[in-house]
Each structure stands twice: as structure tokens, then as C-alpha cells.
Amino acid sequence: MKDISNNTSNTINNACQETRALFTDSTVRVYQAFPVKIAEEAARLGTFGAHFKMGRMSWIKPSFLWMMYRSGWASKTGQERVLAIDIKRTAFDYIVNNAVASTFNKSGCTDYNEWQQQVKQSDIRCQWDPERDIYGNPLNYRSVQLGLRGSALYEYVHNWITSIEDITGYVKMLAGKKEKGTDISSELPEEKMYKIY
């Protein structure tokens, strides 16, 4: 097995790049936030439906707290519903192994034109962003988010997703406790360091 951050074809080897996720032997959980219509439809169907835009890049995030930072704990416009999406572990590994870094200086490429060609040809991107604590403060390591488009997005929607759960109620409950000063650390998803085959 190898560490996700050591995918030298696409990302630089950096000890500050760490991926933690909630996973089993067969699935990895990722998070996305959407408007009500898209989220309700997805939760009902067990995958994304007609309201989901297949023509744009869609970003998945294995870090719960990064998703909370990005969505404002399900309070930002267009991100009012948070979905917990379990995908096949083999699919997640495929995504990571075929991702191209969103920025040249994180790509591991020595040639800018080579990186541009990779970006043009790939349907999968990766981006490393500072992980966040429960208050949105940046931590001293980065977490990955993965962008899917084209054929990768098609596979995600039609073949890779195993289940979708609308966890907005859980998110709002945690946010309410956090605002009252309650320690919610024991109630967060138990994310562990993830390695890929």
C-alpha cells in the first residue's frame, strides 16, 4: 500500500498533505453540499438525478470538517444540505491514482506544458487545502478534495456511489452545540489516515 499523498505522478510528496477519511474495507465516505432540490432528489434516488449538473466539475471531499468550513455548517446559499456519500473503495483509489493537480507548483511536473496537457486530458483533479478545526481555523496539514468531470463524473453518478445520506440534521445539531461552547469532538466522524492500493 502507499500513502495517498505520495502519488508522485500528480502531487508532490509532502508530509503536510494528509488524507483522513471514514472508510470500511469496501467503501470510502465523501461529502458534498447542495441546494435542497439536488440533495433531496439524490437522497431519494441513492444517486444524483435530473437536477444535478453533469456538465460541470463536481468536487468531493473526504474531510467532514473541511466540508463544514466550506458550507458554513450547511448555512451558505446553495449549500443548505450536506450529503454523506459512500463510494466504492476501488473507485476512490482509482480517482486518486488518476488525479491531476489543479495547480502547476503542486503537480510534480517539471514542465508547465506537460502539466497543462495532463489537465486538458484528465477528467479528475486534486487540490490540497488547509484542513480546518471545528471553528474553521486552518490546521498545519492539508486535506485533499477531488474534482470529477466528464467520464469520471458519469462513473461516479452511475457506478461508484453505493449510498447517499442527507446528514443536514446531524450537521445542524453539531453546529448548535458548537455555538453554545459544547465540546463536540467525540461526536465527529471517526476519520483515520487513508492509504490506497
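User: How many nonpolar, polar and charged residues does the lining of the second largest pocket have, given that this is a predicted model?

Analyst: The lining of the second largest pocket has 6 nonpolar, 1 polar and 4 charged residues. As a general idea, rolling a probe the size of a water molecule over the atoms shows where empty space is left. In this predicted model, the second largest pocket has a volume of about 160 Å³.

User: Which residues line the second largest pocket, and which elements each supply at least two residues of its lining?

Analyst: Arg20, Ser63, Phe64, Leu65, Glu131, Arg132, Leu139, Tyr141, Leu188, Pro189 and Glu191 line the second largest pocket. At least two lining residues come from each of helix 2, strand 7 and strand 8.

User: What is the volume of the largest pocket, and which residues lie nearest its centre?

Analyst: The largest pocket has a volume of about 470 Å³. Its lining consists of 18 residues, and those nearest the centre are Ala33, Phe34, Arg56, Met57 and Trp59. By class, the lining of the largest pocket divides into 9 nonpolar, 5 polar and 4 charged residues. Strand 3 (27-34), strand 4 and helix 2 (64-71) each contribute at least two residues to the lining of the largest pocket.

User: Strand 4 also belongs to a sheet. What is the strand order of that sheet, and what is its pairing?

Analyst: A sheet is read by following its strands from one edge to the other. Here 4 strands form an open sheet in the order 4-8-7-6, with mixed pairing. Strand 4 (58-60) and strand 6 (100-101) are the edge strands, each pairing on one side only. Strand 6 and strand 7 (residues 124-132) run parallel and are joined by 2 bridges. Within this pair, Val100 stands opposite Arg125 of strand 7.

User: Which helices lie against this sheet, and what angles do they make with strand 8?

Analyst: Helix 3 (residues 89-97) lies across strand 4, strand 7 and strand 8 (138-148), and runs at about 100° to strand 8. Helix 5 (residues 150-160) also packs on the sheet, touching strand 4, strand 7 and strand 8. The direction of helix 5 makes about 90° with that of strand 8.

User: Helix 5 also lies across strand 3, strand 5 and strand 9. In what order do these strands form a sheet?

Analyst: These 3 strands form an open sheet in the order 3-5-9, with antiparallel pairing. Its edge strands, strand 3 and strand 9 (161-166), each pair on one side only. On average, neighbouring strands of this sheet are turned by 25° against each other, direction ignored. Helix 1 (residues 36-45) packs on this sheet, touching strand 3, strand 5 and strand 9, and its direction makes about 40° with that of strand 5. Helix 5 runs at about 80° to strand 5.

User: How many bridges join strand 3 to strand 5, and which residue is the bridge partner of Arg29?

Analyst: Strand 3 and strand 5 run antiparallel and are joined by 8 bridges. The bridge partner of Arg29 is Asp86 in strand 5. A strand bridge and a salt bridge should be read separately, and this pair has both. Asp86 forms a salt bridge with Arg29, with 2.9 Å between the closest N and O atoms. Asp86 lies in strand 5 (residues 81-88) and Arg29 in strand 3, so the pair ties together parts that are 57 residues apart in sequence.

User: How many salt bridges does the structure hold?

Analyst: The structure holds 6 salt bridges, one of them being the pair of Asp86 and Arg29.

Definitions and conventions
Residues are numbered from 1 along each chain as its sequence is written. This is a predicted model: local features need pLDDT of at least 70, side-chain atom pairs count only at pLDDT 80 or more; totals for chains, interfaces and linings use all residues. Side-chain values use heavy atoms; hydrogens and water are left out. Two strands pair if DSSP finds at least two bridges between them. Contact means heavy atoms within 4.5 Å. Axes are lines fitted to C-alpha atoms, for helices over the stretch in contact, and angles run from 0 to 180 degrees between N-to-C directions. On a 1 Å grid over the protein atoms alone, a cavity is a set of points where a 1.4 Å probe fits but cannot get out, and a pocket is an open set with protein on both sides within 12 Å along at least five of seven lines; lining residues have an atom within 4 Å of a point. Grid points are joined across faces, edges and corners, and a volume is the space filled by probe spheres set on the points. Ala, Val, Leu, Ile, Met, Phe, Trp, Tyr, Cys and Pro count as nonpolar, Asp, Glu, Lys and Arg as charged, and the others, Gly among them, as polar. A salt bridge is a side-chain nitrogen of Lys or Arg within 4 Å of a carboxyl oxygen of Asp or Glu.
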